[in-house]
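These are my notebook entries on one structure, set down in the order in which I looked things up.

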Amino acid sequence: MTQELLDTLPALRVGRPLVVAIDGPSGSGKSSVSKEVARRLHLAYLDTGAMYRALTWFCVTSGIDLSDAAAVEQASRDLILELSTTPREEYVRVNGADVTDAIREPAISSAVSAVATTLGARTELIRRQRELIEKHHRRIVVEGRDITTVVAPGAEVRMLLTASEEARLRRRGIQLGGTQDAEQLAAQVTHRDAKDSTVVNFTQAADGVVTLDSSDLDFAETVDAALVIVTKVLNRD
């Protein structure tokens with residue numbers, strides 16, 4: 001499949017559902033790759049990680065004790081959240097305030113696992129994620145950690161995007177503009193993965209999930225490989 005063809009892919013399964021579910025660990029490139037796949041396929045795009053980050057920001061700025069599961073769960077229900085669902089625009093708003101950049105700050109990154117592993121809060125955000133999928137008539141790329149197994153196990157295409165630890169640390173460092181030292185990067189990538197893996201498995205592909213290892217691929221090559229997987233899976237059906 002040539003680059004020219006990949007750049008001009010027509011809408012697939014027009015008038016029918018096309019949910020592309022993409023899971024992966026931190027630094028695997030799933031957000032940027034998923035967004036570009038959505039753009040190429042003319043689909044909506046949902047970054048579920050941004051939802052957990054937004055809830056974490058809301059809890060931290062509201063003075064909520066993240067170890068208080070009941071309080072975090074209540075915050076997840078009280079959260080007034082708006083986020084973009086188009087690959088061409090990015091915004092996250094909490095109670096009308098733009099927190100697009102604030103939710104990427106190191107303080108939020110280091111705290112998000114405490115929220116993501118609070119099962120009651122996770123249940124509420126999963127409910128919202130499924131609601132957004134339906135709102136877009138099930139034509140959407142959804143990325144996160146439990147999309148292929150929990151949020152949308154019936155997705156038409158399910159993919160696990162992974163990469164070596166070395167590659168993931170390098171990419172996250174570049175993404176953050178070299179502002180984080182090795183210890184901070186490790187906290188954002190490997191330490192967070194270890195915490196989150198206590199509630200969801202995003203390192204091994206479940207049955208029917210296609211693995212894409214991007215360790216030795218650049219961004220464009222990874223997007224191309226993901227699009228090939230999408231077309232192959234759909235052609236198999």
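Entry 1: strand β2. I examined the side-chain directions along β2, residues 44-47, in this predicted model. A44 and L46 point one way, while Y45 and D47 point the other way. I noted that these residues are all buried.

I then asked how β2 and β6 run relative to each other, parallel or antiparallel. The two strands run parallel, and four bridges join them. Two positions along this pairing were recorded. A44 stands opposite I140 in β6, and D47 has E143 of β6 as its bridge partner.

Entry 2: strand β6. I looked up β6, which covers residues 139-144. How many of its six residues are buried? Six of the six are buried, so β6 is largely enclosed by the rest of the structure. I checked the two faces separately. R139, V141 and E143 lie on one side, and I140, V142 and G144 lie on the other. Both faces are covered.

The next item was the pairing of β6 with β1, residues 18-23. This pairing is in the parallel sense and extends over six bridges. I22 is placed opposite E143 of β6. I noted that E143 is also the bridge partner of D47 from β2.

Entry 3: the loop before β6. I turned to the loop between α6 and β6, where H137 is located. Is H137 buried or exposed? H137 is exposed, because its relative accessible area is 65% and the cut-off for that class is over 50%. I also looked up its separation from V19, which is 118 residues away along the chain. The C-alpha atoms of H137 and V19 are separated by 9.3 Å.

R138 belongs to this loop between α6 and β6 as well. Its phi is near 55 degrees, a positive value in a residue other than glycine. As background, most residues other than glycine have a negative phi. R138 counts as partly exposed, at 24% relative accessibility.

Entry 4: the open sheet. I looked up a sheet of three strands and found it to be open, with the order β3-β4-β5 and antiparallel pairing. Which strands are at its edges? They are β3 and β5, the latter being residues 97-98, and each pairs on one side only. Three bridges connect β3 with β4, residues 92-94, in the antiparallel sense. In this pairing, E82 has R93 of β4 as its bridge partner.

R93 called for a further note. R93 lies over the face of Y91, at 4.0 Å from the ring centre. I also looked for pairs of aromatic rings and recorded a count of zero aromatic pairs.

The loop between β4 and β5 contains N95. N95 is not a glycine, yet it has a positive phi of about 50 degrees. With a relative accessibility of 46%, N95 counts as partly exposed.

Entry 5: the second largest pocket. I looked up its volume, which is about 180 Å³. I then asked which residues line this pocket. The lining consists of M51, L81, E82, L83, T85, Y91, R128, E131, L132, K135 and H136. The elements that give two or more residues to this lining are β3, residues 81-83, and α6, residues 119-135. The largest share, four residues, comes from α6. By class, I recorded five nonpolar, two polar and four charged residues in the lining.

I compared this list with the earlier entries. E82, the bridge partner of R93, is among the lining residues. Y91, whose ring face has R93 over it, is another residue of the lining.

Entry 6: helix α4. The final item was D78, which is found in α4, residues 69-78. I recorded D78 as partly exposed, with a relative accessible area of 43%. I also looked up the separation of D78 from F58, 20 residues apart along the chain. Their C-alpha atoms are separated by 9.7 Å.

Technical notes. Residues are numbered from 1 along each chain as its sequence is written. This is a predicted model: local features need pLDDT of at least 70, side-chain atom pairs count only at pLDDT 80 or more; totals for chains, interfaces and linings use all residues. Side-chain values use heavy atoms; hydrogens and water are left out. Rings of Phe, Tyr and Trp (its six-membered ring) pair if their centres lie within 6.5 Å; planes under 30 degrees apart count as stacked, over 60 as edge-to-face and the rest as tilted. A charge sits over a ring if NZ of Lys or CZ of Arg is within 6 Å of the ring centre and within 35 degrees of the ring normal. Buried means under 20% relative accessible area, exposed over 50%, partly exposed in between (1.4 Å probe, protein chains only). On a 1 Å grid over the protein atoms alone, a cavity is a set of points where a 1.4 Å probe fits but cannot get out, and a pocket is an open set with protein on both sides within 12 Å along at least five of seven lines; lining residues have an atom within 4 Å of a point. Grid points are joined across faces, edges and corners, and a volume is the space filled by probe spheres set on the points. Ala, Val, Leu, Ile, Met, Phe, Trp, Tyr, Cys and Pro count as nonpolar, Asp, Glu, Lys and Arg as charged, and the others, Gly among them, as polar. Two strands pair if DSSP finds at least two bridges between them.
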